[in-house]
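Below is a set of questions and answers on one protein model. The structure comes first, and the questions follow.

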Amino acid sequence: MTDTTSLPCDPGPDDPLVNFQGKTPYDDYVHASVLSSLQQPLTNDPNEMPFLVTTQVMELWLTLLVHEWRAAQDALVKDDHECAMEALRRSITAHHALNDSIRPIARMTPAQFNGFREAFGAASGFQSAKYRQMEFLLGHKSRSLMNPQRADPTAYAELEELLNQPSLYDSTLAYLHRRGLPVPEHVLERDVTAPYEADPDVEEVWRQIYAGPQKDPLLDLGEALTDIAELVLRWRGDHLLATRRAMGAKSGSGGSSGVAWLEDRAARSVFPELWTVRGRV
Ligand code: HEM
């Protein structure tokens, strides 16, 4: 019979290291102790912790998405197609993880949500600076939606930088132009602080790509962007459904009309010509 009381105390040559001065190298690198100190629920309600952790996890995925889209954009500016595609592909897997991460809170009943809703007062995901950065990179620019960050100079400056820069889509169109496609001057010179609006000439550019050879790397780029657009629309749809389940037509903690406001937001197209072109090929 195995003696379970005499497990080896001293590590052998094949065992992991266990003696460290101070914190483990893992904690130095991952800051796990900092991360796990950040869950500070305001109630004892059992549904609050899943809500808080899910929100924090989503913030981390948003951080990664913004990082990857900026990397993709930098690569496009340098005409480095492969590097841009790698960043976009990494962002697509991260976006799947973002979308999956809503699961722990996607089916809350109104009574469950009410159990802790009062405690967080006027807090709302609408005030997420990282989400706003993500939207700006998609081309959904809005100076007024930066206002929640007005009293936070660092967060405001980061948003202002992205507001004034071309979006990921603007950079894509400039890249297509350099690759010889007829992206019109008025699109290349557009006011990048304004929301991107669909343009028939851009649709024609994508039509030429989509009607051409199916192994064209530019078509791969179009499909990667379409994957991203679809994942963004799915996130918005899933968030909207979770909201509808948890609070019906009540107004939002952030002061909006709630579901009605989110429905309008969810209806906005992402990279619009990549969708409309499909009716023309
Ligand atoms: C079931 C739980 C949730 C409910 C009931 C809910 C509800 C709402 C509501 C009503 C709004 C509209 C703004 C307002 O008046 O507050 C909103 C916006 C938003 N929520 Fe949530 N939310 C939930 C979970 C989350 C989570 C986990 C995140 C992750 C970060 C999140 C991120 C956002 C974002 C980014 C917006 C702004 C969307 C935009 O600007 O278009 N929400 N939410």
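Q: Is histidine 31 buried, partly exposed or exposed in this predicted model?
A: The place of histidine 31 is the loop between α1 (25–30) and α2 (32–35). Its relative accessibility is 44%. Buried means under 20% and exposed means over 50%, so histidine 31 counts as partly exposed.

Q: What is the phi of histidine 31?
A: Histidine 31 is a residue other than glycine, yet its phi is positive. The value is near 55°.

Q: Which residue in the loop between α3 and α4 has a positive phi although it is not a glycine?
A: The residue in question has a phi of about 60°. At 41% relative accessibility it counts as partly exposed. Its place is in the loop between α3 and α4, and the residue is aspartate 79.

Q: Is serine 91 buried or exposed?
A: Serine 91 lies in helix α4. Not counting residues up to four places away in sequence, serine 91 touches Leu65, Glu68, Trp69 and Ile228. Its relative accessible area is 1%. The cut-off for buried is under 20%, so serine 91 is buried.

Q: What is the relative accessible area of glutamate 86?
A: Glutamate 86 lies in helix α4 (residues 81–100). Glutamate 86 is partly exposed, and its relative accessible area is 38%.

Q: What separation lies between the C-alpha atoms of glutamate 86 and glutamate 160?
A: Along the chain, glutamate 86 and glutamate 160 are 74 residues apart. In space, their C-alpha atoms are separated by 27 Å.

Q: Which residue gives the iron atom of the ligand its single donor from the protein?
A: The donor atom is NE2, 2.1 Å away from the iron atom. The residue that carries this atom is found in helix α11 (residues 217–247). That residue is His239.

Q: Which element gives the largest share of the lining of the largest pocket?
A: About 1,200 Å³ of space lies in this pocket. Of the 46 residues that line it, the closest to its centre are Phe51, Ser124, Gly125, Phe126 and His239. The elements that give two or more residues to the lining are α3 (48–77), α5 (110–117), α6, α11 and α12. The largest share, nine residues, comes from α3.

Q: How many residues of the lining of the largest pocket are charged?
A: The lining divides into three classes, with 22 nonpolar and 16 polar residues among them. The charged residues number eight.

Q: Within what arc do the buried residues of α12 fall, seen down the axis?
A: Helix α12 (residues 259–266) has Val259, Leu262, Arg265 and Ala266 as its buried residues. Seen down the axis, these residues line one face of the helix, because they fall within an arc of 115°.

Q: Which helices do the buried residues of α12 pack against?
A: One of the partners spans residues 129–138. The other is the helix in which histidine 239 is found. The two helices are α6 and α11.

Q: How many helices are there in the protein?
A: There are zero strands in the protein. From the N terminus on, the elements run α-α-α-α-α-α-α-α-α-α-α-α-α. The number of helices is 13.

Q: What percentage of the 281 residues in the protein is buried?
A: A residue counts as buried when its relative accessible area is under 20%. Such residues make up 40% of the protein.

Definitions and conventions
Residues numbered from 1 in each chain as written. Predicted model: local features only at pLDDT ≥ 70, side-chain atom pairs only at ≥ 80, totals over all residues. Heavy atoms only, no water. Donors = N, O, S within 2.8 Å, 3.2 Å for Na, K, Ca; no water. Helix = DSSP H or I, 4+ residues; strand = E, 2+ residues; numbered from the N terminus. Buried < 20%, exposed > 50% of the residue type's maximum accessible area, 1.4 Å probe, protein only. Arc of directions from axis to C-beta. Contact = heavy atoms within 4.5 Å. 1 Å grid on protein atoms, 1.4 Å probe; cavity = no way out; pocket = protein on both sides within 12 Å on 5 of 7 lines; lining within 4 Å. Points joined across faces, edges and corners; volume = space filled by probe spheres on them. Nonpolar A, V, L, I, M, F, W, Y, C, P; charged D, E, K, R; others polar.
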